[in-house]
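Colleague: I should like to learn how to read this structure. Could you take me through its features in turn?

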Amino acid sequence: MERTFQIAVIAGDGIGPEVTREAQRVAARAAGLAGARLEWREFPWGTEYYFANGRMAPPDFLETLAACDAILLGAVGHPRVQDHVTLNGLLLPIRRRFDQYICLRPSYLYEGVSSPLVGKPAGSIDLLVFRENTEGEYVDVGGRVYRGFPEETALQTAVFTRRGCERIIRAAFEAALTRPRRKVSSITKSNAQGYGMVLWDECFAHVAADYPQVTTESLLIDRAVMEFVRQPESFDVVVASNLFGDILTDLGAIVVGSMGLAASGNIDPTRRGPSMFEPVHGSAPDITGQGIANPLAAILSAAMMLEHLQLSAAATAIREGVARVLRHGGVRTPDLGGRSSTSEVGEAVLRTL
Ligand code: GGG
């Protein structure tokens, strides 16, 4: 019997709709070949909605999304709207409401793609970042007083809970058990952030004791960014706070060749609500409308979505298709040194299925 999944699509802003279109085409075909049907529920939320309605999405948008099996998101952000409005109006409430506490962001150096780092063979960089996704530095806690006066003051609070730290760290260890190198690196700045990140370190030591078969290391963020450049192959599974995970994964994307290859999943492993899948990149206003955005990050995010929906064969087919297109090298967008369009790359992946 054909299984049917309701997928919410928030293509969003800038290049979001361009890359999401390709991800939908590829995901629908791969799911179909695996005996499943994806029913798209497309929502026109984002900054155009904001210009018309003064908010990024309707008041009941979270209830609407709750009825779906997964969410596919393109990008949010517009040069005429401050980024904290777009993030706090759409992306962050979704992550929190559906307790998508794992932000999973792989970086893999594909055959046929050059790292900006010299002498890195294909496959030598293969790391998986577990970014804490519901608390830390991204909580909406703080305030401003004396606005516009010389004594204006802003407070921005980070929140670290034992439950929040332990569950993301445990998820990282569980993933490490499934990988050959079985290593977890924890990244903090606990020498300077003496409360939240010290709690994080304590949680890391506590959870690590349950996994004697996993090698561990704790690095300060300043050392970690250095090692991401100097020897990224030394990392296997990396676990970090919301902010540090976000920054590290842009670096991780660039050392494996392009932001256009960086996929991510915002996941609630308990499956109480929908998880959300999105490319790591933003709306890229500089290339919007030119038809040259790399759709592979969105396509690989859709593969993560299919994996989460337990359509593993479909997910694997997409990942292998992307690897073939990159290995062959004939069809690629300008970020990877090619001249192909967004839809030509999507079409090339479709042909592999
Ligand atoms: N692809 C989603 C997107 O547009 N992300 C923009 C962004 O700034 N995200 C910040 C975050 O992931 O925390």
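Modeller: The following turns treat the overall fold, the sheet and the helices on it.

Modeller: This is a predicted model, in which local features need pLDDT of at least 70, side-chain atom pairs count only at pLDDT 80 or more, and totals for chains, interfaces and linings use all residues. Residues are numbered from 1 along each chain as its sequence is written, and side-chain values use heavy atoms, with hydrogens and water left out.

Colleague: How many helices and strands does the protein have?

Modeller: Helices (H or I, at least four residues) and strands (E, at least two) are DSSP runs, numbered from the N terminus. Here there are 11 helices and 12 strands.

Colleague: In what order do the strands of the open sheet stand?

Modeller: Two strands pair if DSSP finds at least two bridges between them. In this protein 10 strands form an open sheet with mixed pairing, ordered β2-β1-β3-β12-β11-β4-β5-β10-β8-β9. Strands β2 (36-42) and β9 (215-220) each have a single partner strand, so one side of each lacks a neighbour in the sheet.

Colleague: How do strands β4 and β5 run, and how many bridges join them?

Modeller: Strands β4 (residues 102-108) and β5 (residues 126-132) run antiparallel, joined by 7 bridges. Within this pair, I102 stands opposite E132 in β5.

Colleague: Which strands does helix α9 touch?

Modeller: Contact means heavy atoms within 4.5 Å. Helix α9 (residues 296-308) packs on the sheet and touches β1 (3-12), β2, β3 (70-75), β4, β11 (263-267) and β12 (275-279).

Colleague: What share of the residues is buried?

Modeller: Buried means under 20% relative accessible area, exposed over 50%, and partly exposed in between (1.4 Å probe, protein chains only). Of the 353 residues, 54% count as buried.

How values were computed
Axes fitted to C-alpha atoms, helices over the stretch in contact; angles between N-to-C directions.
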